Structure formats: C-alpha cells, structure tokens
Amino acid sequence: MIIKVLTLFPEMFQGPLNVSIIKNAQEKGLLDIEYINIRDFTDSKHKKVDDYPYGGGAGMVMTPQPIFDCYESTIKTLHSSSKPRTIYCSPKGKTFHQEMAIEMAKEKELVFICGHYEGVDQRVIDELITDEISIGDFVLTGGELPVAVIIDTIARLIPGVLGQQESFQEESFYSGLLEYPHYTRPQNFRGLTVPSVLFSGNHKEIEKWRRKKSLEITLHRRPDLIEKAELTEEDKKNINAFKNHC
Ligand SMILES: Cc1cccc(C(=O)NCC2(NC(=O)c3cccc4nocc34)CCCC2)c1
C-alpha cells in the first residue's frame, strides 16, 4: 500500500510511524509512507500557508493554494487513474471505527491531508476530500495525530504486516468484546498472584474463563458492545448471572 501524507509537520510522524510494526512493514515493502510538506508548495514569498479567516474570528485558516498545488503534484506520482481516496481528519468527520479501517486497508493508495491551526479552507474539503473522519470528541492542536492513529489501524490490517502470533490477537478483537485480563511471569509478583486456572493446562477451562472475563468486563464498561456481539447460549447465561449479582 502507498500512503501519501500532506502535512506542515512531517517531523510529527517520525516517532509513531517509524518504530516497531509500522517500521517493519515499510522495511518489508508492504507499506510505503511518504510525507510531503505543504509549505514547499506555497507561492507566497514569505512562505505563508495560513491566513486570517474571512468574517473575522480567532485563529488562522490554512490557505487553499499550497494544499491544492501540493495535492495535484502528489497525485501525479500515484498510479491509480481515478482520483485516490483522500482523507481529511476533522472534528466534523464521521467517527472512525474498525470497520472503516478494514475497508480502507483494501485500498492500494491513500492520501491524507492534515489540518492545522483552525483547519483548512472549506474549498479544500469540497474539492479534494473523499472522506472526512474524526477520531473522537476532544480538542487537539492539529490533525496530524489522528492521521497517525488511522494509518496505524490500517497498516496492521495489511496482509503480512502482523506476525503469526499478533494476527491471532486480531481474531480476539472481532469477537466484538473487550479483552480478558493478560498475565505473564512471574506467577507471584510482590504477593500478587495470577488466577490459577491459567496454570491448569486445561485449554477448554482457560478459554471458558477468558470468555467469561471478556463478557464481564464488556458488560461493566461497554454494554453497548454486548448488543452487537455474537453471543452463544453459554454467554447469555453468564451475562444473566452477572446481571443478577449486580
Ligand atoms: C470537538 C472539537 C470542536 C471544535 C474544534 C476541535 C479541534 O480540535 N479543532 C482543532 C483541530 N482538531 C482536529 O483536527 C481533531 C480534533 C478531534 C478529533 C479529530 N479527529 O480528526 C481530527 C480531529 C481541527 C483543525 C486542526 C486541529 C474539536
């Protein structure tokens, strides 16, 4: 997959997308991420990329010219004849969730445009953007971190990016429930012990315990996920038992 990120701050991405699994994916050639600095495309002699908002008000707005020129130059380097999927992260966007990551991971090429200050001139969104996406309801200083989050969720879905072991984790998410508690060595840490079922070697019992813990945690913290999950008869019995105990 080829990803182009149009941003004023390419350095913002050097940390999160240059380590571990995502770095590995790029080294394996499964993913090619290029950062293009929008500032390199401004035609103002003072390198201006933002300006005061028409109609007044606080803050600055990113001007359209550098973004349009940066975008047009970028898509020339892409292979798809049609206009590529172009994502703008913003508080007004559709709330991001795993299904959207799965759908985007099927694309061969993706372009991200990062807003900063108060955002981009609306004409950028109207003319260039195919998907306006939000990662949640909170205030940020810029749209770079949301782009990094979305790239992370997509990259791990590209075949070959996750090792055998990690991709197994993938399955657990699709159960639609929150994960059971994880434990590792030592068995007794400062007197804090690990549930004994995990040493029983009885994989059926261990699976039952894990499923029960997932249901319990999900019921308490994200009951909305229970509605959507595929539940067995045993799951429903366990849920009723939890509800009766509460
Ligand atoms: C609830 C709310 C209301 C009004 C403004 C803001 C706000 O944070 N405005 C600042 C910007 N925020 C985001 O881009 C941004 C923020 C949050 C989630 C996101 N998911 O994608 C992009 C996201 C917009 C231009 C530059 C940064 C937030």
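These are my notebook entries on the ligand, its pocket and two backbone oddities.

**Entry 1: the model**

I am working with a predicted model here.

**Entry 2: who surrounds the ligand**

I started with the ligand and pulled up its neighbours. I get 19 residues around it, and Ser90, Ile135, Gly136, Phe138 and Leu140 are the closest. Next I sorted that shell by class: nine residues are nonpolar, nine are polar and one is charged.

**Entry 3: polar contacts to backbone**

Which ligand atom pairs with the backbone of Ile135? I find a nitrogen atom of the ligand, 2.9 Å from a polar backbone atom of Ile135. For Leu140, I noted a polar backbone atom 2.8 Å from a ligand oxygen atom. Ser90 also takes part through its backbone, with an N or O atom 3.3 Å from an oxygen atom of the ligand. I then looked up how much of the ligand is covered. On its own the ligand has 550 Å² of accessible area, and the protein covers 78% of that.

**Entry 4: where the ligand sits**

I checked the pockets, and the ligand sits in the second largest one. Two elements, β5 (85-95) and β7 (131-134), each give two or more residues to the shell around the ligand. Of the shell, β5 supplies the largest share, which is three residues.

**Entry 5: the pocket itself**

I kept going with the second largest pocket and read off its volume, about 430 Å³. I count 24 residues in its lining, with Tyr88, Cys89, Ser90, Pro91 and Glu118 nearest the centre. Ser90 therefore turns up twice in my notes: here by the centre of the pocket, and earlier among the residues closest to the ligand.

Which elements give two or more residues to this lining? I have β5, α4 (122-128) and β7 on the list. The most comes from β5, at five residues. By class, I wrote down twelve nonpolar, ten polar and two charged residues for the lining.

**Entry 6: backbone oddities**

I turned to the backbone last. As a reminder to myself, most peptide bonds are trans, and most residues other than glycine have a negative phi.

Is the peptide bond from Arg185 to Pro186 cis or trans? I find it cis, with omega near 0°. Pro186 belongs to the loop between α6 (164-174) and β8 (188-189).

I also flagged Lys47, a residue other than glycine with a positive phi, near 55°. I traced Lys47 to the loop that lies between β2 (32-37) and β3 (50-51).

Technical notes: Residues numbered from 1 in each chain as written. Predicted model: local features only at pLDDT ≥ 70, side-chain atom pairs only at ≥ 80, totals over all residues. Heavy atoms only, no water. Near = heavy atom within 4 Å. Polar contact = N/O pair within 3.5 Å; in protein donor to acceptor, adjacent residues only side chain to side chain. Areas by Shrake-Rupley, 256 points an atom, 1.4 Å probe, with all protein chains shown as cover. 1 Å grid on protein atoms, 1.4 Å probe; cavity = no way out; pocket = protein on both sides within 12 Å on 5 of 7 lines; lining within 4 Å. Sits in = over half its atoms within 2 Å of the grid points. Helix = DSSP H or I, 4+ residues; strand = E, 2+ residues; numbered from the N terminus. Nonpolar A, V, L, I, M, F, W, Y, C, P; charged D, E, K, R; others polar. Points joined across faces, edges and corners; volume = space filled by probe spheres on them.
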